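Trainee: I have a new model open and would like to talk it through. Could we start with a loop and work outwards from there?

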Amino acid sequence: MAKFVCVCGTEIRTSGDIPNENEWKLFSDVEFDQYSGQVDVEKLYLAGTIAFRCPVSDHLWIYWDGFDKTPQLYEPIPGGEGGRQAP
Ligand SMILES: [Zn+2]
């Protein structure tokens, strides 16, 4: 079973049982707009950008360049827009 360790120490599995409770699929509005009417869910499933959300720390690991490349890490900022000011 493939897995990685989040920056908080939590192991996140990337294979094994489906559905994976920590896996998300991302679509831009433009990508999603290419679909209409009846949609093949397998096609839609494969088209989404794969992401994993750590169940403990909420960090997001997004595979923007494909699942065979290194994911980009996103850190949650408590407080949203007011949580950290732009430099
Ligand atoms: Zn974590």
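Mentor: Gladly! This is a predicted model, and a good place to begin is Gly-16, in the loop that joins strand 2 (11–13) to strand 3 (23–26).

Trainee: Is Gly-16 buried or exposed?
Mentor: Let's count its neighbours: Gly-16 has 9 C-beta neighbours inside 10 Å. A residue with 12 or fewer falls in the lowest class, so Gly-16 counts as exposed.

Trainee: How many Å separate the C-alpha atoms of Gly-16 and Ala-2?
Mentor: Along the chain, Gly-16 and Ala-2 are 14 residues apart. In space, the separation of their C-alpha atoms is 7.6 Å.

Trainee: Now to Ile-50: which residues does it touch, leaving out those up to four places away in sequence?
Mentor: Ile-50 sits in strand 4 (residues 49–53). It is partly exposed, because 18 other C-beta atoms lie within 10 Å, and a buried residue would need 20 or more. With residues up to four places away set aside, Ile-50 touches Glu-23, Lys-25, Tyr-63 and Phe-67.

Trainee: What pattern does the chain follow along the sequence?
Mentor: The chain has two helices and six strands to place. Read in order, they give β-β-β-α-α-β-β-β.

Trainee: And what is the radius of gyration of the chain?
Mentor: For 87 residues the globule rule gives 12 Å, and this chain is well over that, so it is more spread out than a compact globule. Its C-alpha atoms fill a box of roughly 40 × 35 × 20 Å along the principal axes. The radius of gyration is 15 Å.

Note on methods:
Residues are numbered from 1 along each chain as its sequence is written. This is a predicted model: local features need pLDDT of at least 70, side-chain atom pairs count only at pLDDT 80 or more; totals for chains, interfaces and linings use all residues. Helices (H or I, at least four residues) and strands (E, at least two) are DSSP runs, numbered from the N terminus. Two residues are in contact if their C-beta atoms, placed from the backbone, lie within 7 Å. The radius of gyration is taken over C-alpha atoms; the globule rule is 2.2 Å times the number of residues to the power 0.38.
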